[in-house]
Structure formats: structure tokens, C-alpha cells
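Got the sequence and the model open? Let's walk through it one question at a time.

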Amino acid sequence: MRVNKGLLSVIAVTTVASLGGLTTTATAATKKVTTTYSSQSHALIIRGQTSRHAKLVLNYQGKPVATSTVKAGKFTITQPFQGYGTFKLVDGSQVLATIPAKRYAAPRVIVISAEQTAKGIHYTVANASHTTLTITQNGRYLKTIKATRPRTNLFLSNAQLKHGSHGLRITQRIPNKKTSPAVKLPVLKANIKQVTNF
């Protein structure tokens, strides 16, 4: 049986389309998508290039929040927001880029150990290198630490802990990223050492 070469070409193209090859090619046309976060305006800034799309829509947690017209193959979207939800850059039903919180926000601090002594509480935490750690208590600022290593020892004196160890939260901030979600520091009793592993 002789098979026409032209027919084989048509079959090959049809197979690629059915496997999503055409969708992948279209998605690849949107490239160099970068994200930064402005702590001054509390906004996510998305920049990129696209060769096949004239107008883009930005969704946040499944809802459209902004549109952008592509000019000379480039686009920029600045979107103020609150929270740590996922953004999606779309054209119609086609998702061109997905931006989860880990792309624009600093990671959560991990509490390794905590110990309360007669003078106060010692904490050891895992954090990003070269970050700023901030501790609050019931929404009130307590202390800021400039950390240069991925593990940091913190101390809060009894004078600082007027309300005991209840309501303590820690966050971290790194350049061009949203401040991390707050992590609750363990509540301790006097002279009791508590080791936590997350």
C-alpha cells in the first residue's frame, strides 16, 4: 500500500494539535515574564513580551482585576492587592503565565526552637539570607533584626514581653518581594524549653 507524503504531513500536524502542541507553541510566544513587588505602592508589577497577543487580562484568585494592551510586543501591568493569592495572565481561555505567592512574596519564617529563661525568650528561626525580620505582639511592633545568615537567634527580654509570649508574630522582608505571611511564635511557660519542627 502506497501512502501519499502529503497525507502523512496532514496527519502529523493533526496529531500535534490533538496533543496540545499548538497551545504550547502559543504559550511560548509570551516570554520573559518578570515580576517584582513595590512595597511603596503595595503592588505587583508584571512585565513581559508577547508576539501573538494584543490584549491581556490579569486574574487574581480566579477573578479579572486588570487588562493590558500590548504595544510593540511588550506589556506592563501594575496591580495593587492584598493577600497571597495566585495571579494568572490570560488571553481568553488561554493561560499564558501563572504567578503563585512564592514568585512575589518572601517565604515564611520557620521556627526551629524556643526557650524561655528568667530573663526572657530565646528563639532560633530559619529565614532567607540577607533579610529583615520583624516581630510584633498583638499587632504592636516589638523588634526588627537584620539577618545575614539562613539561621538566626533572637532574644526578647521580659521588659519587651509585657503581655507574656501570647500574640507574638514574625515576618521577613527581602528586596523586591512582598513581606512574608506572619508566623505565630510558640507560647511558652517559664523555664520550659520547647522545640518545634515544621
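Q: Which residue in the turn of the β3-β4 hairpin has a positive phi?
A: Strand β3 covers residues 55-60 and β4 covers residues 63-69, and they pair in the antiparallel sense over six bridges. Strands here are DSSP E runs of at least two residues, helices are H or I runs of at least four, both numbered from the N terminus, and two strands pair if DSSP finds at least two bridges between them. The hairpin leaves two residues between β3 and β4, and the turn residue with a phi of about 55 degrees is Q61.

Q: What pLDDT do local features need in this model?
A: Numbering starts from 1 along each chain as its sequence is written, and side-chain values use heavy atoms, leaving out hydrogens and water. This is a predicted model, so side-chain atom pairs count only at pLDDT 80 or more, totals for chains, interfaces and linings use all residues, and local features need a pLDDT of at least 70.

Q: Over which residues is the pLDDT below 50?
A: pLDDT is the predictor's confidence in each residue, from 0 to 100. The chain has a mean of 83, and 80% of its residues reach 70 or more. One stretch has twelve contacts (heavy atoms within 4.5 Å) beyond near neighbours in sequence, with pLDDT below 50: residues 1-28.

Q: How many strands does the chain have, and what share of its residues is buried?
A: There are three helices and 15 strands. Buried means under 20% relative accessible area, exposed over 50%, and partly exposed in between, with a 1.4 Å probe and protein chains only. Of the 198 residues, the buried share is 38%.

Q: Which residue in β6 stands opposite V57?
A: Strand β3 pairs with β4, where the bridge partner of L56 is S68. Strand β3 is also joined to β6, by four bridges, and those two strands run antiparallel. Across from V57 in β6 you'll find V90.

Q: What type of aromatic pair do Y37 and F81 make?
A: Rings of Phe, Tyr and Trp (its six-membered ring) pair if their centres lie within 6.5 Å; planes under 30 degrees apart count as stacked, over 60 as edge-to-face and the rest as tilted. The structure holds six such pairs. For Y37 and F81 the centres are 6.0 Å apart and the planes are at 85 degrees, so the pair is edge-to-face.

Q: How many residues apart are Y37 and F81?
A: Both Y37 and F81 are buried. Y37 is in strand β1 (residues 30-38), while F81 is in the loop between β5 (74-80) and β6 (87-91). The pair links distant parts of the chain, with a separation of 44 residues.

Q: How far apart are the ring centres of F81 and F87?
A: F87 is buried, and so is F81. Y37, Y60, F81, F87 and Y104 form one aromatic cluster. The planes of F81 and F87 are at 85 degrees, so this pair is edge-to-face, and the distance between the centres is 5.0 Å.

Q: Which residue lies over the face of F81?
A: A charge sits over a ring if NZ of Lys or CZ of Arg is within 6 Å of the ring centre and within 35 degrees of the ring normal. One residue lies over the face of Y84, at 5.1 Å from the ring centre. It also lies over the face of F81, at 5.2 Å from the ring centre, and it is K178.

Q: Is Q79 buried or exposed?
A: Q79 is in strand β5. Leaving aside neighbours within four places in sequence, its contacts are H42, A43, L44, L58, V65, A66 and F87. Its relative accessibility is 14%, so Q79 counts as buried.

Q: Which are the edge strands of the open sheet β11-β10-β13-β14?
A: The four strands of this sheet follow that order, with antiparallel pairing. Seven bridges join β10 (residues 131-137) to β11, and L133 has I145 as its bridge partner in β11. The strands that pair on one side only are β11 (140-147) and β14 (183-184).

Q: How far apart in space are L161 and G120?
A: L161 is in the loop between β12 (151-157) and β13 (168-173), and it is buried at 9% relative accessible area. Beyond neighbours within four places, L161 is in contact with I121, Q137, L142, L156 and L168. L161 and G120 are 41 residues apart in sequence, and their C-alpha to C-alpha distance is 7.8 Å.
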